[in-house]
Amino acid sequence: MRILITGCRGQLGTELQRQLAEGGSALGPLEERLQNSDVTAVDIDSFDLADREAVLAFLDEGSYDMVINCAAFTNVNACESEQDAAFAANALGPRNLAEACASTSTALMHVSTDYVFDGLASEPYREYDLPSPITVYGKTKLAGELAVRERCANHYIIRTAWLYGAKGTNFVKTILKLAREKDEIKVVNDQLGNPTNAVDLAHHMLKIAPSSRYGVYHCTGAGVCSWYDFASEIVRLSGLECRVIPCTTEEYPTPAKRPAFSALDNMMLRLTAGDEMRGWREALADYMAAL
């Protein structure tokens, strides 16, 4: 397959490139159709998704079988004050890609987020539950989803959550840094979700990619925990002498209000390609061992 990966320098884009180059991951090999894929990887410095004409021209010249869009403005707090930039990256860019993919008969796999939900549920959200985002980040990501659905019939929308990978910054690396510098850290204990290892996510995205089973997929690590639970396990696995103290969201205010419960149920994945996402503790231990 000829595959274009956008947002290639992020933790997910990097992991997708690694698995495509190596023919798989610790979770298993790639399907035969993906072996020896011709991969083009771009980021914003060479490919601005907000430039519609440039996107259309790029796709028209490339003759790709699939575009995997990992590009996004993911700083949730910054999205609140930089709304134009958030909309350009999270909504306008996917819209342009969807139009270009539709015009060139290219399948589009677009990565979205648990933050399209308001967090008022008491059990994990399924793909058919109605989104109702409460942050600018979530609203712009939902706008991107809708644009992809409306403008490109051959689409996959992959919602994930609490992602961490080998490259770039993430919650795991932040907690490790703080644990080395401080005797104790406070972490919120009333926001629940699914920590997701980029290895697991990329593996499942590449399982879905050749299937032609288009639609919305939830793809997160198995099990639900709080940020406090997640941080406590990170520190425990690290062996660092740092106390992790639970606190409430009210005690740790941020510019963007986070959903209290944004856990996802991988129902569509379970019923199609198969859900082999590891439990969040197992996947985290594997990541920490690699670090």
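This passage describes the aromatic pairs, cysteines, nonpolar cores, cavity and pockets of a predicted model. Local features were accepted only at a pLDDT of at least 70 and side-chain atom pairs only at pLDDT 80 or more, whereas totals for chains, interfaces and linings use all residues. Residues are numbered from 1 along each chain as its sequence is written, and side-chain values rest on heavy atoms, with hydrogens and water left out.

A search of the whole structure yielded 14 aromatic pairs, a pair being defined by rings of Phe, Tyr and Trp (its six-membered ring) whose centres lie within 6.5 Å, with planes under 30 degrees apart counted as stacked, over 60 as edge-to-face and the rest as tilted. The pair of W162 and W227 is stacked, because the ring centres are 3.6 Å apart and the planes stand at 15°. Since W162 lies in the loop between β7 (155-160) and β8 (163-164) and W227 in helix α8 (residues 227-238), this pair ties together parts that are 65 residues apart in sequence; helices (H or I, at least four residues) and strands (E, at least two) are DSSP runs, numbered from the N terminus. W162 also forms a stacked pair with F230, at 6.4 Å centre to centre and 15° between the planes. This second pair likewise links distant parts of the chain, with W162 in the loop between β7 and β8 and F230 in helix α8, 68 residues apart.

With buried meaning under 20% relative accessible area, exposed over 50% and partly exposed in between (1.4 Å probe, protein chains only), W162 is buried at 9% relative accessibility, W227 is buried at 14%, and F230 is buried at 1%. Ring pairs join W162, Y164, F171, W227, F230, W280 and Y287 into a cluster.

The search for disulfides (pairs of cysteine sulfur atoms within 2.5 Å) returned zero for the whole structure. C79 takes part in no disulfide, the nearest cysteine sulfur, that of C70, being 17 Å away, and C79 is buried at 0% relative accessibility. The sulfur of C219 is 12 Å from the closest cysteine sulfur, in C70, and is therefore too far for a bond; C219 is buried as well, at 1% relative accessibility.

Nonpolar cores were taken as sets of buried Ala, Val, Leu, Ile, Met, Phe, Trp, Tyr and Cys residues joined through side-chain atoms within 4.5 Å. The largest core has 27 residues, and those with the most contacts inside it are L16, I68, M109, I158 and M205. At least two residues of this core are supplied by each of β1 (2-6), α1 (11-22), β5 (66-69), β6 (107-113), β7 and α7 (198-208), and the largest share, five residues, comes from α7. A second, separate core of 24 residues includes I175, A179, V187 and C242.

On a 1 Å grid over the protein atoms alone, a cavity is a set of points where a 1.4 Å probe fits but cannot get out, and a pocket is an open set with protein on both sides within 12 Å along at least five of seven lines; lining residues have an atom within 4 Å of a point. Grid points are joined across faces, edges and corners, and a volume is the space filled by probe spheres set on the points. The largest cavity has a volume of about 30 Å³, and its lining consists of Y115, W162, Q191, L192, W227, R258, P259, A260 and S262. The second largest pocket has a volume of about 170 Å³. Two or more residues of the lining of this pocket come from each of α1, α7 and α10 (280-290), with the largest share, three residues, from α10.
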